[in-house]
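The following exercises concern charged side chains and open space in a protein. Please study the sequence and the structure before reading each solution.

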Amino acid sequence: NPGAVVVKVSTSAQRVYVVENGRVLLATPCSVGTGGTTGRGNYRISYKNATKRRVSQPDAGYPMPYWQEWKPAYGMHWGFVKPYPNTMGCVRIPLKAAQKVFGLVRTGTPLHIASSQPWDETHGKNLPRLDDSRLPDPPDSYLKSPQVFADAAKGKMWNY
């Protein structure tokens with residue numbers, strides 16, 4: 001029931017939970033913003049775009065597939081996930097999770113960001129600790145090309 005879906009973000013555990021009527025449909029590791037820049041509070045997904053690119057500097061043109069915005073310039077999207085806060089405020093999630101969350105969430109879906117969530121010690125505890133920092137950076141020519149979105153739609157990125 002799309003009307004009963006809620007997204008919950010735990011900034012301390014770096015986890016995203018998609019919940020329907022109290023039942024976790026999906027749980028995934030994520031990266032949140034440094035220094036609390038992701039914020040806390042209750043929001044709604046206001047805008048979605050599967051092929052969004054960053055418009056501001058630094059890194060204008062950087063791909064942010066499966067973008068789901070909760071306030072201007074803040075969104076949840078595919079991105080490299082690290083085991084520590086490392087974004088400028090966005091919530092980055094792995095590609096296949098980003099695809100699934102994008103499919104489950106509608107414009108208007110509630111989003112609750114807090115330092116912890118009730119599922120951190122159950123569903124969240126068993127999730128892998130991802131560290132994409134060991135992966136080589138894709139070339140800029142690839143990241144700025146349309147191919148990045150074609151690959152994202154297939155559930156793969158560059159050589160990952």
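A residue is buried under 20% relative accessible area, exposed over 50%, and partly exposed in between (1.4 Å probe, protein chains only). The model is predicted: local features need pLDDT of at least 70, side-chain atom pairs count only at pLDDT 80 or more, and totals for chains, interfaces and linings use all residues. Residues are numbered from 1 along each chain as its sequence is written, and side-chain values use heavy atoms, with hydrogens and water left out.

**Exercise 1.** Determine which residue R23 meets in a salt bridge, and state whether that partner is buried or exposed.

Solution. Step one: a salt bridge requires a side-chain nitrogen of Lys or Arg within 4 Å of a carboxyl oxygen of Asp or Glu. Step two: R23 pairs with E20 at 3.3 Å, N to O. Step three: E20 has a relative accessible area of 13%, so E20 is buried.

**Exercise 2.** Classify both partners of the salt bridge between R134 and D131 by accessibility.

Solution. Step one: the closest N and O atoms of R134 and D131 are 3.6 Å apart. Step two: R134 is exposed because its relative accessibility is 70%. Step three: D131, at 22%, is partly exposed.

**Exercise 3.** Classify both partners of the salt bridge between K156 and D151 in the same manner.

Solution. Step one: the closest N and O atoms of K156 and D151 are 4.0 Å apart. Step two: K156 reaches 36% relative accessibility and therefore counts as partly exposed. Step three: D151 is buried, since its relative accessible area is 5%. In total, the structure holds four salt bridges.
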